Amino acid sequence: MAAEVVEDSPSRDDGVCRRCEALPWNELANPPLSMKQVLEVPESHGQLRSSNCRICCLLANIKPPSLDGKPCSLVAVSAARALCRKRPEFLHGDSTLLFVPAGPIGAKAFKSALQNGFIGLSKPGQCVDIGIRPLDPNAASFAMLRRCVAHCRERHRRLCARPTFPRVSDFRVIDCENPRRSIVSAPVACRYAALSYIWGDVSESSSSSDYPQVVVDAIRATLSMELQYLWVDRYCIDQNDESDKRRQVSQMGSIYANADITIVAAAGGDSAYGLPGISRPRQQQGKEVIGGVTLLEGFPHVFYSVKESVWATRGWTYQEGFLSPRRLIFTDRGVSYLCSGMCLAEYDILPVEMTTRDSTSLFGSLIPRSLDRGYRLSNDAQSMLAEYSRRKLRYGCDALNAILGILQMLEEHGVYSIWGLTISNQPMLHWHHEHPCKRRPEFPSWSYLGWEGHIGIDSDVDYRTRASFQASLGECEEAGFAGGVLPAVGKQLKGLGKDAPRYLHLKEPVINVALSNIRWTEKEQSHRTTIDLALKRGLHRIITLDDALSDGVYASLRISRGVRMLVKAQLDKPYLRPRDVVGVPLIKSSSSASSFEFANNSSWVLLLERRGARYERVGLLRWRLRADSASKVARDGVAFTTDAGDLLGRVTLSRNEEPLWLTEGKIKTVVIG
């Protein structure tokens, strides 16, 4: 790609404050060898925005209100070092970027620019190979996008391949070269684009003669990417044929994984909005000229536009984006290319061969890092499921179908699941809700799919070695898939989907749990408790619960005579009144399970509510009291009291005594639906 030559622009130094006028702009346009502070920026975002200085107004674009009240400075950095981590002294065509970091200048300071944007500097006649280019408001740069796709095909063969997904049967596509844009049976091994978008009004026509604007624009984008065929779910699946819908939905993972590209409509909130850069203009970059030097705004990383989009809130779009090998992401700030090996924005001046995997790091669980044979997806499965649980579905009954493609991918890599929950040594039951939410009765209560709401998962502990309980699966009366360790069972359940056994049978100590809604006084909130951990050989470790207590629903667990531990309950459903609630520990319940072990390690107790002869999950107790180097721990919703409920100032936990709440539990089988 040829370097961009900056044209001479007339200087307009009127309307510039003395501070900005005094800066050596011509010198600043020469890329520095290392980050350097240009000037302090004490003004708030509002003050900069309302300034009579046009340069200060431009700076307001890269210093958001979130930085108000914090010591900030304008920092210069080499574009080569910032965008591709190359040493600028070995590169030609480098340029300068200005940004306002959220903290001190350092190796991680440029993360602020990724989130808040930056300003590129250039002088007349300067050849820029790495930097910022002006965005055409009305025309997306398909030439750049085609270069990215060609580079991916050539260099990312294993990284971006989707070898485990079969071809789609009874596959139909839109023929974009046909003047009528008709829907046809896909030719064998045809290359096609897929569209990922927000439906919006479900009452709209699903006829090929009345496409909404986003589909019209996607057809133009498909042709511009030198492809003939486009797949759009609403039109390529017969919405009036339930059999066809079931068959196509079951292949959704293959449809997106086998697409040559996926067009992601991450702008607007419905199908009428269209694609910016095709049928509607994009947001314009801020631009100023001073002393002959051009200052051009670079928008924040495309991840933040995606994160704030309606597209990123919908359940179906998660697997559509995740499974696609190559994505063209259309936002109001331009179009960006994203695959597992690189991310490049339309306004970036950067040779594709210099774009690295570091550019994709912000997307985290939104894209797979790799799907080659040497990669174990089990390490990322928990974060993937947690991300999916954030999403909303128009119909709750779609919760399993909307992630089925990802679950199929996990199965092909040896990570099996049941009702959306991955299985390692045990089903992943230690998920929790930060806030109560609404039940989805179509799914088991012990699966996160059975609830509408974002889940949290303790990813900093090894659930595979810490969790230990006897579990089996089957119908309400009888367990058909038994065993203390279930990976082998997972293979038997492969592909069953909604036909999988619905009931979980747990054979563990069952304890009665008293829940109470506690409102702490101001004095109680600041109460501090010292814990004496009795170690081996007469040694002791003293730690302190250091954080303030928060109001909420607590469970009371007897530790020893006269001592109870209150644990804040993470409830799945709203707490209305005391219920018939029992608890089942999801941790090793052997004779060595002392009060010390339960307190000092990550522990989980499943909260269940009786429903006739069976139970339903209603929440989770979780705690971990492990001291840091200062012998202080986050309270994390834990307090110690007397039987009468008075807060204790000091508690001793011994390795030689089991907690009474565990010894008083009776081992029996509970059936959870």
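Tutor: Before we look at any loop, a strand here is a DSSP run of E with at least two residues, a helix is a run of H or I with at least four, and both are numbered from the N terminus.

Student: Okay, so where does W419 lie?

Tutor: W419 lies in the loop between β19 (416-418) and β20 (421-423), and please keep in mind throughout that we are reading a predicted model.

Student: And what is the phi of W419 like, positive or negative?

Tutor: It is positive, about 50°, although W419 is not a glycine. Most residues other than glycine have a negative phi.

Student: Is W419 buried or exposed?

Tutor: W419 counts as buried, because its relative accessibility is 6% and the cut-off for buried is under 20%.

Student: What about D170, where does that lie and what is its phi?

Tutor: D170 lies in the loop between α7 and β8 (172-175), and its phi, near 50°, is again positive in a residue other than glycine. With a relative accessible area of 45%, D170 is partly exposed.

Student: Switching topic: how many helices and strands does the chain have?

Tutor: There are 20 helices and 39 strands in the chain, and 56% of its 673 residues count as buried. Among contacts with a separation of 6 or more, 74% come from residues 24 or more positions apart.

Student: Which residues have the most contacts inside the largest nonpolar core?

Tutor: L230, W231 and F330 do, in a core of 75 residues. Helix α7 (residues 142-155) contributes the largest share of this core, 6 residues. A second, separate core has 68 residues, including L407, V415, V510 and L608.

Student: What is W231 in contact with?

Tutor: Leaving aside neighbours within four places in sequence, W231 has contacts that include F171, V173, Y192, L195, I237, M252 and Y256.

Student: You mentioned Y256; what does T262 touch?

Tutor: Not counting residues up to four places away in sequence, T262 touches A194, S196, Y256, S324, R326, R327 and L328. T262 is found in strand β12 (residues 261-265) and is buried, with a relative accessible area of 0%.

Student: Back to L407: why is helix α15 described as largely enclosed?

Tutor: Helix α15 (residues 404-412) has 7 of its 9 residues buried, so it is largely enclosed by the rest of the structure. The buried ones are L404, G405, I406, L407, M409, L410 and E411, and just after α15, G414 takes a positive phi of about 85°.

Student: How many aromatic pairs are there?

Tutor: The count comes to 11 aromatic pairs. One of them is F303 with F363, which is edge-to-face, at 5.5 Å centre to centre and with 85° between the planes. F303 lies in helix α12 (residues 302-307) and F363 in the loop between β18 (348-349) and α14 (378-389), so the pair ties together parts that are 60 residues apart in sequence. Both F303 and F363 are buried.

Student: And how are the rings of Y318 and F322 arranged?

Tutor: Their centres are 5.9 Å apart and their planes are at 40°, so the pair is tilted. Y318 and F322 both lie in helix α13 (residues 316-323), 4 residues apart, which is about one turn of the helix. Y318 is buried at a relative accessible area of 2%, and F322 is buried at 1%.

Student: How many residues of α13 are buried?

Tutor: In α13, 7 of the 8 residues are buried, so this helix is largely enclosed by the rest of the structure. Besides the two aromatic residues, the buried ones include charged-type E320 as well as T317 and Q319.

Student: Which residue lies over the face of W431?

Tutor: That is R617, at 3.4 Å from the ring centre of W431, while R280 lies over the face of Y273 at 3.6 Å from the ring centre.

Student: Last topic: what is the mean pLDDT of the chain?

Tutor: The mean pLDDT is 85, and 84% of the residues reach 70 or more. Over residues 5-12, however, pLDDT stays under 50, and the model has 21 contacts beyond four places in sequence for that stretch. Residues 627-634 also have a pLDDT below 50, with 20 contacts in the model beyond near neighbours in sequence. Where pLDDT is low, the predicted coordinates should not be read in detail.

Terms used: Residues numbered from 1 in each chain as written. Predicted model: local features only at pLDDT ≥ 70, side-chain atom pairs only at ≥ 80, totals over all residues. Heavy atoms only, no water. Buried < 20%, exposed > 50% of the residue type's maximum accessible area, 1.4 Å probe, protein only. Contact = heavy atoms within 4.5 Å. Core = buried A, V, L, I, M, F, W, Y, C linked by side-chain atoms within 4.5 Å. Phe/Tyr/Trp six-rings, centres within 6.5 Å; stacked < 30°, edge-to-face > 60°. Lys NZ or Arg CZ within 6 Å of the ring centre and 35° of its normal. pLDDT = per-residue confidence, 0-100.
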